[in-house]
Amino acid sequence: MSDLKLELKQKIIETLDLEDIEADDIVDDEALFVDGLGLDSIDALEIGLMLRLQYGINLKSDSDENRQHFTSINALAALVESHRALQGKG
């Protein structure tokens, strides 16, 4: 497991105060919402806030891409890596 994916899992667990769930319980390519981890729209807002505070990522609330970014840990990691690459160029 990459350091970023582990970090994201730990941040999600901490942010959402998920009891009885450890980072190893979250599968990288498993759905975060409904099936899989079973998160909901309120959880998505909290994860969005965490992404902004921890990684400086500002997501637009009306963006269709958000759904893709929040599908799995793999997708969130790709978002963070993409953001870091853009910041590194600037």
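In this predicted model, His83 touches Tyr55, Gly56 and Ile57, leaving aside residues up to four places away in sequence. His83 sits in helix α4. Its relative accessible area is 17%, so His83 is buried, the cut-off being under 20%.

A second histidine, His69, belongs to helix α3, which spans residues 65-69. His69 also counts as buried, because its relative accessibility is 18%. Beyond residues up to four places away in sequence, His69 touches Leu59, Ala75, Leu76 and Leu79.

Leu76 links this site to the nonpolar interior. Neighbours within four places in sequence aside, the contacts of Leu76 are Leu8, Ile12, Leu32, Ile47, Leu51, His69 and Phe70. Leu76 is also among the residues with the most contacts inside the largest nonpolar core, alongside Leu8, Ile12, Ile47, Leu51, Tyr55 and Val80. That core comprises 20 residues. At least two of them come from each of α1 (3-16), α2 (41-55) and α4 (73-89).

Helices α1 and α2 pack with their axes 10 Å apart, at an angle of about 125 degrees. The two helices are therefore oblique to each other, since this angle falls outside the ranges 65 to 115 and over 145. Their crossing is right-handed. On the α1 side, the contact involves Leu4, Glu7, Leu8, Lys11, Ile12, Thr15 and Leu16. These meet Asp43, Glu46, Ile47, Met50, Leu51, Gln54 and Tyr55 of α2. By class, the α1 contact with α2 has 8 nonpolar, 2 polar and 4 charged residues.

Terms used:
Residues are numbered from 1 along each chain as its sequence is written. This is a predicted model: local features need pLDDT of at least 70, side-chain atom pairs count only at pLDDT 80 or more; totals for chains, interfaces and linings use all residues. Side-chain values use heavy atoms; hydrogens and water are left out. A nonpolar core is a set of buried Ala, Val, Leu, Ile, Met, Phe, Trp, Tyr and Cys residues joined through side-chain atoms within 4.5 Å. Buried means under 20% relative accessible area, exposed over 50%, partly exposed in between (1.4 Å probe, protein chains only). Helices (H or I, at least four residues) and strands (E, at least two) are DSSP runs, numbered from the N terminus. Contact means heavy atoms within 4.5 Å. Axes are lines fitted to C-alpha atoms, for helices over the stretch in contact, and angles run from 0 to 180 degrees between N-to-C directions. Angles under 35 degrees count as roughly parallel, over 145 as roughly antiparallel, 65 to 115 as roughly perpendicular and the rest as oblique. A crossing is left-handed if the near helix is turned anticlockwise from the far one by less than a right angle, and right-handed if clockwise. Ala, Val, Leu, Ile, Met, Phe, Trp, Tyr, Cys and Pro count as nonpolar, Asp, Glu, Lys and Arg as charged, and the others, Gly among them, as polar.
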